[in-house]
Amino acid sequence: MRDVQAPTPARLESAPTVPDVQTPTTLIERLANNKKSTTSCEQRKMAHIELQNIVKRYGDVTAVKDFNLEIEDKEFVVFLGPSGCGKTTTLRLIAGLEHPEEGEILIDGQRVNHLAPADRDIAFVFQFYALYPHLTVYDNIAFPLKAVRVEKSEVDIRVRKVAAILQIAEMLDRKPSVLSGGEMQRVALGRAMVRQPKVYLLDEPMANLDAKLRVDTRAELKRLQHEIGATTIFVTHDQVEAMSLADRIAVMHQGVLQQIGTPHEIYNQPKSLFVAGFMGMPTMNLLDAGLGSHEGQPALHISDTDIWLPLSPQQQARFTTDTERDKLIFGIRPEHITAMREPGERSLAAEVHLIEPLGSVNILDLRLGTDAATQEPILLRVRTHPTFPATIGEKVWFDFDENQTHLFDWETEQALGR
Ligand SMILES: Nc1ncnc2c1ncn2[C@@H]1O[C@H](COP(=O)(O)OP(=O)(O)OP(=O)(O)O)[C@@H](O)[C@H]1O
Ligand SMILES: [Mg+2]
C-alpha cells in the first residue's frame, strides 16, 4: 500500500456601552452588536491579495517554491499542510515580516514587496503568541492602538469589549506568565481584534484552546466571518478545522501549493496523491495497481492480488482494452466501499484483518493479499455501520462505487481522472 504522509476579524468600533461579561451571549452575537455600532462614514476596507511566483529561501532550504495564489476580497482562505510545509513563512511574507527572493506580493493591485509590516494594514496572530511579558493583558491588547495614538478612552472601550468577547475580562490586570496557553492565545487574538485592518492573518490561533472552546470558537468564527466579511487567511494543520472554516483551502506540501479549491473540491477531486492522502479520516485507500484487460474489458488489477476492478464510465472512455499500464495508484475512500455478509452480484471476497469500533461507525481493515516485495498485508479500509457483525479472520464481501474511484500516475503522483 502506498504510504502518503499523510476569533477574530471584527470591526471593533466604539460603542456606547461595554457588553456585560456576565451575559451568556455568543461571540457572534456580541460581535454583531459591535458591527451595528459602526458609523456610516466608516466604510469597510477592501483587501484583495495576490502572490505571484513567490520564492523564499533560508540558506539551502527553499521554504516557499514558486507560489501563486489570488485571494478575493472578503474571502476566508485556509492554508493547510503538515509541519514545515511553509504555512507560517507564507503568512510572514504577506505580513512583510519576511521578504521573498523572487516574486511579487500585491494587495489591492498595489505591489507591497517594499512596504514595512506597519504600512500593510494587516493584523497578525502569531503561531507562538509572542506576548510582551512585562505588560499586563490589558496593555498587551491595547498595544497596537497605543502605537497609533488612539485616544485613551477609545482604547479602554475597545480593549474591554474584546476581552468580554474572548472571556478574558477578569484577567486584564494579570501578566502573561500566569496565564494558561489557551488564555495567552486569546490575548493574542484580542490584540488582533482591537484593530480594524484590511487583512487578518491567523497562524494556528486556536491550537492551544481546549477541545470544546476550539469547536465553539470555530463555529462562531465562521458565522462571524460570513457576516463581517474581512479577508482572512487562517493557518492550520487540522483538516477538520480547514474543511469547516474555509471558503477555499490551499493545501501545501514541501513549500509547494498542491491545490487550491473549495472544501468539496479538495475532498472529492484531489489533484495529487498528496492531497488525496492528506484529507479524510480514515484516509483514502491507496493501492498499487495496473491497467489491463480482463474478460474482454479494460480493468484495473490490484497488484499482488486476484482482484480486477471495473473502470468508471469516464475511465472506460479514457482507456481502451489495448491500454496497458502496470504502474498506477488506485484510490478509494473507506466510505465509498460497502461491506457485505453474503456475496452480491459483483462483490469481491476478503478476510477481516482488524476491526476498529469508533462509536458511530466501525472501520474494518480487509486483507486483499500480501505485498510480494515487503510481505506486508495489502489492506482495504472500509467504513461500516457499527452494528455490522464481523470477527477477525472471517470472510466478508465488499463492493464499491466505481464513480468514486481515483487513479494517480505512479511517477508524477498527479491525478489521472476519476
Ligand atoms: N528563520 C528560518 N531559518 C531557517 N529555516 C527556516 C526559518 N523559518 C522557517 N524555516 C524552514 O522553512 C520551512 C517552512 O517553515 P514554516 O515555519 O513556514 O512551516 P509551517 O508550515 O508553518 O510548519 P508548522 O506547522 O510546524 O508551523 C521549514 O523547513 C523550516 O525549517
Ligand atoms: Mg507554522
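# A walk through the sheet, the helices and the ligand shell

Let us start with the open sheet, in which six strands follow one another in the order β6-β7-β8-β3-β9-β10, with mixed pairing. Keep in mind that this is a predicted model. At the edges of the sheet you will find β6 (122-125) and β10, each of which pairs on one side only. From one strand to the next, the twist averages 15°.

Mixed pairing is easier to picture with two examples. Take strand β7 (residues 199-203) and strand β8 (residues 231-236) to begin with: these run parallel, and five bridges join them. To find your place there, look for Leu 202, whose bridge partner in β8 is Phe 234. Now move along to strand β9 (residues 248-253) and strand β10 (residues 256-261), which also pair over five bridges, but in the antiparallel sense. Here Met 252 has Leu 257 of β10 as its bridge partner. The strands β9 and β10 form a hairpin with two residues between them, and Gln 254 in this hairpin takes a positive phi near 50°.

A helix accompanies the β6 end of the sheet. Helix α5 (residues 181-193) lies across β6 and β7, and its direction is at about 180° to that of β6.

Next, turn to a pair of helices. Two packed helices are described by the angle between their axes and the distance between the axes. For helix α3 (residues 137-147) and helix α4 (residues 152-165), the angle is about 130° and the axes are 10 Å apart. The angle is therefore one that makes α3 oblique to α4. Their crossing is right-handed. Which residues make the contact? On the α3 side they are Tyr 138, Ile 141, Ala 142, Leu 145 and Lys 146, and α4 brings Val 155, Arg 158, Val 159, Val 162 and Ala 163. Sorted by class, this contact of α3 with α4 has eight nonpolar and two charged residues, with no polar ones.

Further along the chain, there are two hairpins to follow, and β17 takes part in both. Strand β16 (residues 348-357) and strand β17 (residues 362-370) run antiparallel and are joined by six bridges. One pair to look for is Pro 357 with its bridge partner in β17, Asn 362. Four residues lie between β16 and β17 in their hairpin, and in the turn Gly 359 has a positive phi of about 95°.

From β17 the path continues to strand β18 (residues 377-384), with which β17 pairs in the antiparallel sense over eight bridges. In this pairing, Leu 364 stands opposite Val 382 of β18. The hairpin of β17 and β18 has six residues between the strands, and Gln 375 there takes a positive phi near 65°.

Finally, let us visit ligand 1. How many residues surround it? There are 13, and the closest are Tyr 58, Ala 63, Ser 83, Thr 88 and Thr 89. Both β2 (61-71) and α2 (87-95) supply at least two residues of this shell. The largest share, three residues, comes from α2. As for the character of the shell around ligand 1, eight of its residues are polar, four are nonpolar and one is charged.

Terms used. Residues numbered from 1 in each chain as written. Chains lettered and ligands numbered in written order. Predicted model: local features only at pLDDT ≥ 70, side-chain atom pairs only at ≥ 80, totals over all residues. Near = placed C-beta within 6 Å. Nonpolar A, V, L, I, M, F, W, Y, C, P; charged D, E, K, R; others polar. Axes fitted to C-alpha atoms, helices over the stretch in contact; angles between N-to-C directions. Parallel < 35°, antiparallel > 145°, perpendicular 65-115°, else oblique. Left-handed = near helix turned anticlockwise from the far one by under 90°. Contact = placed C-beta atoms within 7 Å. Pairing = 2+ DSSP bridges.
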